[in-house]
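Biologist: I am new to this one, so could you show it to me and let me ask where the labels come from?
Modeller: Happily, here it is.

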Amino acid sequence: MKLSAWARSQGISYKTAWRWWRAGKLPVPAEQSATGTVIVHADPVRPAIGGGTALYARVSSHDQKDDLPRQLDRLRAHAAARGFVVVAEAAEIGSGLNDARPKLLKLLARPEAAIILVEHRDRLARFGVGQLAAALSAQGRRIEVIEEKEIADDLVRDLHELVVSLCARIYGRRSARNRAERALAALHG
């Protein structure tokens with residue numbers, strides 16, 4: 001198939017696929033014909049459970065919104081490297097503690113999204129990811145996390161999130177992170 005068709009089937013732009021091919025980083029075998037057309041020699045592989053893959057990227061505040069396209073690019077590259085067919089993408093700004101995230105809810109409601117691919121576990125939700133994974137598993141679906149290594153100690157991570165949540169309610173969302181970090185520093189110091 002042509003590089004443009006392969007890129008479309010993987011949910012990435014043709015320009016990105018072209019850059020990957022030029023740099024020798026295309027995750028599938030490809031060659032350039034005499035006419036200059038890049039031909040990809042791999043059929044898109046669907047996940048074993050029969051559906052496609054949905055990509056989900058999230059940041060907590062508008063200050064971080066420039067990271068959303070980078071997160072999606074990393075997710076697309078990982079999906080392409082694993083041979084997943086991307087059927088949906090969602091990127092939004094919202095707290096990991098807030099369960100009223102419309103784009104995530106729409107993505108979870110799509111039965112053709114057999115795999116929900118996220119960069120870090122906390123990009124999906126701060127708490128309850130295990131229950132969400134169990135509910136998806138009952139439908140033959142799953143969550144795949146690219147970077148499993150985050151804050152190593154679960155207790156420290158949970159304490160941090162709890163302090164952030166409480167500070168957000170008391171002081172407002174913008175300054176919650178700074179106040180929480182100062183509170184944690186006072187606990188450790």
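Modeller: What follows is a talk about how some labels are earned in this predicted model.

Biologist: Let us begin with the sheet. How do you know that β3 and β5 pair?
Modeller: Two strands pair if at least two bridges are found between them. Strand β3 (residues 52-59) and strand β5 (residues 113-118) have 5 bridges and run in the parallel sense, so they satisfy that rule. In this pairing, Tyr56 stands opposite Val118 in β5.

Biologist: And what makes β4 a partner of β3?
Modeller: The rule of at least two bridges applies here too. β3 and β4 run parallel and are joined by 7 bridges, so they count as a pair. Ala54 faces Ala88 of β4 across this pairing.

Biologist: Which order do the strands take in the sheet?
Modeller: The order is β4-β3-β5-β6, an open sheet of 4 strands with parallel pairing. On average, neighbouring strands are turned by 25° against each other, ignoring direction.

Biologist: Why are β4 and β6 said to stand at the edges?
Modeller: β4 (86-93) and β6 (142-145) each have a single partner strand, so one side of each is left without a neighbour in the sheet.

Biologist: What makes β3 largely enclosed?
Modeller: A residue is buried under 20% relative accessible area. In β3, 8 of the 8 residues are buried, so the rest of the structure largely encloses this strand. Both faces are covered, with Gly52, Ala54, Tyr56 and Arg58 buried on one side and Thr53, Leu55, Ala57 and Val59 buried on the other.

Biologist: Which helix lies across the sheet strands β3, β4, β5 and β6?
Modeller: That is helix α3 (residues 67-82), running at about 155° to β3.

Biologist: Why is the link between Arg70 and Asp67 called a salt bridge?
Modeller: The limit for the nitrogen and the carboxyl oxygen is within 4 Å. The closest N and O atoms of Arg70 and Asp67 are 3.5 Å apart, so the pair passes. Both residues lie in helix α3, 3 residues apart, about one turn of the helix. Asp67 also forms a salt bridge with Arg74, where the closest N and O atoms are 3.6 Å apart.

Biologist: How do you know that Arg70 is partly exposed?
Modeller: Partly exposed lies between buried, under 20%, and exposed, over 50%. Arg70 has 45% relative accessibility, so it counts as partly exposed. Asp67 at 22% gets that label, and so does Arg74 at 37%.

Biologist: Why is Glu144 called buried?
Modeller: Glu144 has a relative accessible area of 9%, and the label needs a value under 20%. Its salt bridge partner is Arg142, at 2.9 Å from N to O. Arg142 counts as partly exposed, at 34% relative accessibility.

Biologist: What joins Asp67, Arg70, Arg74 and Glu119 into one network?
Modeller: Salt bridges that share partners do that. The structure holds 8 salt bridges.

Biologist: One last topic, the helices α1 and α2. How do they pack?
Modeller: Helix α1 (residues 3-10) and helix α2 (residues 14-22) pack at about 115°, with axes 9 Å apart. The contact involves Leu3, Ser4, Trp6 and Ala7 of α1 together with Tyr14, Ala17, Trp18, Trp20 and Trp21 of α2. By class, this contact has 8 nonpolar, 1 polar and no charged residues.

Note on methods
Residues numbered from 1 in each chain as written. Predicted model: local features only at pLDDT ≥ 70, side-chain atom pairs only at ≥ 80, totals over all residues. Heavy atoms only, no water. Axes fitted to C-alpha atoms, helices over the stretch in contact; angles between N-to-C directions. Helix = DSSP H or I, 4+ residues; strand = E, 2+ residues; numbered from the N terminus. Contact = heavy atoms within 4.5 Å. Nonpolar A, V, L, I, M, F, W, Y, C, P; charged D, E, K, R; others polar. Salt bridge = Lys/Arg side-chain N within 4 Å of Asp/Glu carboxyl O. Buried < 20%, exposed > 50% of the residue type's maximum accessible area, 1.4 Å probe, protein only.
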